[in-house]
Amino acid sequence: MSAHTAIEQQLLAILRHYANADANLTATTNFIKDLTLESVRVLEFVVEVEDAFDIAIDIDSLSDIHTVAELAAVVARLTQDRPA
Amino acid sequence: MKLLDKFTATTAIRDALQRDGVSPTAIVIDQILSPTEALINGRRTLLVGTNNYLGLTFDPDCIEAGRTALTRSGTGTTGSRMANGTYLEHCLLEQELAAFFGYPHGMVFSTGYAANLGCLAALLGPGDAVLLDGDAHASLYDGCRMTGAEIYRFKHNDADSLRKRMRRLGAQANRTLIVVEGLYSVLGDIAPLADFASVRDEFGACLFVDEAHSFGVFGNKGGGLAEQLGLLDRVDFIVGTFSKSLGSIGGFCVSRHDELPLFRYASRPYIFTASPCPSVIATTRAALRQIGARPQLRTQLWRNAQRLHEGLTAQGFTLGAAASPVIAVRMGERDAALHFWQRLLAAGVYTNLMLPPATPDGGSLVRCSVTAAHTDAQIDTVLQAFRAAAAQSVTATS
């Protein structure tokens, strides 16, 4: 499993807590359109993601992030940038 | 999609609220009768959903001060504070607010919303970071988003969550603003301000506290939560509003930092709007004097809050937080909350209905706010209305 795929899998596991039990979650799942998550719930999800990966995600950058795959790319970049 | 098509979804939300009777967003007060009563739909209605914490909107001294200013100085200033809109009384109110907190500087804005926007816009810029409480008011979010600063959200009232994010910022931590409120207006819970001040000290950040709902409510002098907890020397900026405990309209910021007066040159929400009219400034100054001179108002406010909180708890309701002047009653599903709120109104009791996404944890709430002007009999009327509405709920679902 590539590092990117591993991040996606971890994100999907976190997202499961915010989605309906019967929701089909994939890397292309759109938080708002597919899951109809309220924006507040998306923000709560992002806080969980920050803690899971020990990163900080600027709220303003979220307007360009709609799917798990897009969020995984941001997480990958921020974890690489993190000081040792 | 055409320009106006975006309102289709809004229309659906509005219609859904109107479908089942009186809409919570379409209440018209035909006539306000006192701090605690109004005519709504021709009915005398008990108000338990205002922000009139100290009940000063009909205070004779405040009314007389406003009337005198109206006669003496006219209806409005017609200009910005940076042009023709600064009258001596604006400056006096700024001095009086600063002195109230023991700070050297104060600044007055046209609304509380403008105060938050104006101060954050002046304080923050590209390269700065802001750490915002997860339940912070929309005006704080909006203000941060105007600035180009990086915005990070931490878990509501969680100092550990704040500290973790501060650590992640590394060298940027000392150019970070922590933004919290004193008393949160949806659930009525109180910030762990001493813990936040410790994080501020640890990382060399600045702490910005919105005391909109806590000014006049907490503290020996009524200065708010920071005053009550002895933290005025560890808070960098305090903002507040005139439209709650002070019974007027407008906003303010006070600080011990000499940079605050410079906000006047860097704050578009301060510069590009008309200043508060003379009668508003006069009633606000009179109300500020009342807050300082009449601590019994706060004593009565907290007594009323305790009475309502205990009564609702005894009836088995689940409440949002410990007793405070904001008492949120958890109602579960949206429709149950809407119908409960409508039953209270039909019984002559006005409260606030809070529905997702405006609620912190996705549930629906009927929110009460208490004022010092409520009598014991009025609090008991509210409790009776809740009891009756709950009984109707049981009947409706059985």
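The following paragraphs describe selected helices, strands and the chain contact of a predicted model.

The model is predicted, with local features requiring pLDDT of at least 70 and side-chain atom pairs counted only at pLDDT 80 or more, whereas totals for chains, interfaces and linings use all residues. Residues are numbered from 1 along each chain as its sequence is written, and chains are lettered from A and ligands numbered from 1 in the order in which they are written. Helices (H or I, at least four residues) and strands (E, at least two) are DSSP runs, numbered from the N terminus.

Helix α11 of chain B comprises the 19 residues 296–314. Its end C-alpha atoms are 27 Å apart, in agreement with the 27 Å expected at 1.5 Å a residue, the expected span being 1.5 Å times one less than the number of residues. The buried residues of α11(B) are Leu297(B), Arg298(B), Leu301(B), Asn304(B), Ala305(B), Leu308(B), His309(B) and Leu312(B). Here a residue is buried if 20 or more other C-beta atoms lie within 10 Å of its own, exposed if 12 or fewer, and partly exposed in between, with C-beta atoms placed from the backbone. Viewed down the axis, the buried residues of α11(B) fall within an arc of 130°, so they line one face of the helix; the arc is that of the directions from the helix axis to the C-beta atoms. Exposed residues Gln296(B), Thr299(B) and Ala314(B) are carried on the face turned away from the buried side of α11(B). Gly316(B), which follows α11(B), has a positive phi near 95°.

Helix α2 of chain B (residues 60–73) has 14 residues, and the separation of its end C-alpha atoms, 20 Å, agrees with the expected 20 Å. Cys62(B), Ala65(B), Gly66(B) and Ala69(B) are buried in α2(B). These residues cover an arc of only 95° around the axis, which puts them on the same side of α2(B). The cover over the buried residues of α2(B) includes α10 (278–293) of chain B. On the face turned away from the buried side of α2(B) lie the exposed residues Pro60(B) and Thr71(B). Gly74(B), just after α2(B), takes a positive phi of about 90°.

An open sheet of 7 strands in chain B has the order β4-β10-β9-β8-β7-β5-β6, with mixed pairing; two strands pair if DSSP finds at least two bridges between them. Its edge strands, each pairing on one side only, are β4 (105–109) and β6 (150–154) of chain B. The twist averages 20° from one strand to the next, where axes are lines fitted to C-alpha atoms, for helices over the stretch in contact, and angles run from 0 to 180 degrees between N-to-C directions. β4(B) pairs with β10(B) (residues 251–255) in the antiparallel sense over 5 bridges, and Met107(B) stands opposite Cys253(B) in β10(B).

Strand β14 of chain B (residues 364–369) is largely enclosed by the rest of the structure because 6 of its 6 residues are buried. Ser364(B), Val366(B) and Cys368(B) point one way from β14(B), and Leu365(B), Arg367(B) and Ser369(B) point the other way. Strand β11 (residues 326–332) of chain B pairs with β14(B) in the antiparallel sense over 6 bridges, while 3 bridges join the antiparallel strands β13(B) (residues 352–354) and β14(B). Arg367(B) in β14(B) stands opposite Ala328(B) and is the bridge partner of Asn352(B).

Between the chains, 13 residues of chain A are in contact with 14 residues of chain B, contact requiring C-beta atoms, placed from the backbone, to lie within 7 Å.

Conventions. Two residues are in contact if their C-beta atoms, placed from the backbone, lie within 7 Å.
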